[in-house]
Amino acid sequence: MASLPKEQWAQVVEKTGGPVVYKKIPVPKPGPDEVLVNIKYSGVCHTDLHAMQGDWPLATKLPLVGGHEGAGVVVARGELVDDVEIGDHAGVKWLNGSCLHCDFCMQSDEPLCPKPLLSGYTVDGTFQEYCIAKAAHIARIPKNLPLDAIAPVLCAGITVYKGLKESGAKPGQWVAIVGAGGGLGSLAQQYAKAMGIRIIAIDTGDDKKEMCLNSLGAEHFIDFATSKNVVKDVQAATPDGLGPHAVILVAVNEKPFQQAAEYVRPRGTVICIGLPAGAYLRAPVFESVIKMISIKGSYVGNRKDSAEAIDFFARGLIKAPFKVVGLSELGMVYDKMHKGQIAGRYVLDTTK
Ligand code: NAD
Ligand code: ZN
């Protein structure tokens with residue numbers, strides 16, 4: 001095994017609210033059941049921005065290295081790890097580890113484990129050159145796949161694939177993807193298309209409209225900022241005017257979480273994935289009852305969902321736009337993300 005450096009570059013949140021500080025920190029050592037992954041590329045998820053800003057009712061560790069869409073190469077492993085080889089390609093996901101013996105872990109609902117380790121939140125994540133993860137939870141990445149393009153699949157892809165499965169939408173049915181122009185939304189369109197589900201994209205701006213209609217598979221685009229009546233426009237986009245069978249909410253504002261129940265089709269399902277700070281769901285009781293609608297939360301995916309989401313990518317079905325910049329440029333990415341100016345995903349190259 002080649003010897004590892006003692007120090008590495010990382011982006012560190014030193015206090016809640018930020019900013020991120022690009023600096024050298026020690027390379028960590030894996031524990032007995034852990035691996036050390038040399039992160040080559042890491043996607044930047046809006047969750048990382050929520051973590052820096054302290055948006056959620058769950059404290060982060062401090063100082064914190066964010067990031068949970070890390071794709072790289074295993075360079076060290078603990079003495080209990082015998083099923084991951086040095087040189088294997090691996091992904092470090094949001095769920096860095098879980099207890100593996102609680103009620104939820106035992107039935108492969110490990111995102112619901114009451115003692116999870118969360119990459120880039122409760123443990124240091126992938127905005128560094130060398131990152132630790134529990135061997136049981138790393139994503140296995142076939143060596144022929146590009147590590148930059150697959151990075152966003154490791155959170156955004158897995159999460160939206162799971163959300164689409166939870167929605168119960170079937171081939172030929174319609175889904176409204178709310179926040180379609182962002183990281184999760186762009187991948188949601190590719191997974192929905194691959195699953196044979198028809199797409200109404202909701203977001204704002206000409207860049208995102210062009211991307212959704214011309215490269216991701218949406219048949220309709222509704223601009224939430226210019227539409228006079230989003231509810232009517234979404235329903236009118238389905239051929240019988242009764243609305244989409246499912247709604248995938250990946251927006252970072254509260255308003256759509258209070259609208260979706262109004263336009264979803266009778267018997268339809270609203271899937272909440274986005275996590276806007278301090279937001280509440282709202283649905284009219286009368287319509288919810290007489291339309292027999294379902295409203296559900298969906299949270300990342302288990303190890304099997306992860307393997308399936310990667311397999312969709314491996315089969316060439318998932319092509320979502322991403323832009324590569326250096327790890328040193330994370331602050332610029334957060335700025336654009338905060339302003340809603342990112343169409344697709346930014347991916348950080350840890351060598352720059
Ligand atoms: P992003 O910033 O890339 O995209 C968000 C998109 O929402 C933007 O394109 C923005 O224009 C759009 N938007 C804002 N207001 C809107 C509105 N009123 N209607 C429609 N679209 C609107 O963010 P992302 O990385 O895709 O993450 C989205 C959200 O999902 C974040 O809150 C993130 O924390 C959350 N998330 C949840 C899970 C989970 O497991 N549930 C996993 C990953 C991310
Ligand atoms: Zn994420």
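Q: What makes Cys45, His68 and Cys155 donors of the zinc ion (ligand 2)?
A: Donors are N, O and S atoms within 2.8 Å of the metal (3.2 Å for Na, K and Ca). Here Cys45 (SG), His68 (NE2) and Cys155 (SG) lie 2.0 to 2.3 Å from the zinc ion, so these protein atoms fit the rule. Water is not among the atoms, so the site may look incomplete.

Q: How do you know which parts of the chain the two cysteines tie together?
A: Look at where they sit: Cys45 is in the loop between strand 3 (34-43) and helix 1, while Cys155 is in the loop between helix 3 (147-150) and helix 4 (156-167), so the pair joins parts 110 residues apart in sequence. Helices (H or I, at least four residues) and strands (E, at least two) are DSSP runs, numbered from the N terminus. The donor spacing along the chain reads C-x22-H-x86-C.

Q: What should I know about the model and its numbering?
A: This is a predicted model, where local features need pLDDT of at least 70, side-chain atom pairs count only at pLDDT 80 or more, totals for chains, interfaces and linings use all residues, and side-chain values use heavy atoms, with hydrogens and water left out. Residues are numbered from 1 along each chain as its sequence is written, with chains lettered from A and ligands numbered from 1 in the order written.

Q: How do you know where the domains begin and end?
A: The bounds come from an automatic or database domain assignment, which gives domain 1 as 7-155 + 301-349 and domain 2 as 157-297. Their C-alpha centres are 26 Å apart. With contact meaning heavy atoms within 4.5 Å, 26 residues of domain 1 and 23 residues of domain 2 take part.

Q: What makes the area between domain 1 and domain 2 count as buried?
A: Buried area is the accessible area (1.4 Å probe) that two parts lose on being put together, summed over both. By that rule the domains bury about 2100 Å² between them, with 63% of it on carbon and sulfur atoms. On the domain 1 side, Cys155, Asp305 and Phe312 lose the most, together 21% of what that side buries.

Q: Why is the Lys165 and Glu308 pair called a salt bridge?
A: The term needs a side-chain nitrogen of Lys or Arg within 4 Å of a carboxyl oxygen of Asp or Glu. Lys165 and Glu308 meet at 2.8 Å, N to O, so the pair qualifies. The rule finds three salt bridges across the interface of the two domains, and 18 in the whole structure.

Q: What makes Glu34 and Lys134 a link between distant parts of the chain?
A: Glu34 is in strand 3 and Lys134 is in strand 9 (residues 130-134), 100 residues apart. Their side chains form a salt bridge at 3.3 Å, N to O.

Q: What makes the backbone at Pro19, Pro63 and Met292 stand out?
A: Most residues other than glycine have a negative phi, and most peptide bonds are trans. The Gly18 to Pro19 bond is cis, omega about 5 degrees, with Pro19 in the loop between strand 1 (7-13) and strand 2 (20-26). Leu62 to Pro63 is also cis, with omega near -10 degrees. Met292 is not a glycine, yet its phi is positive, about 50 degrees.
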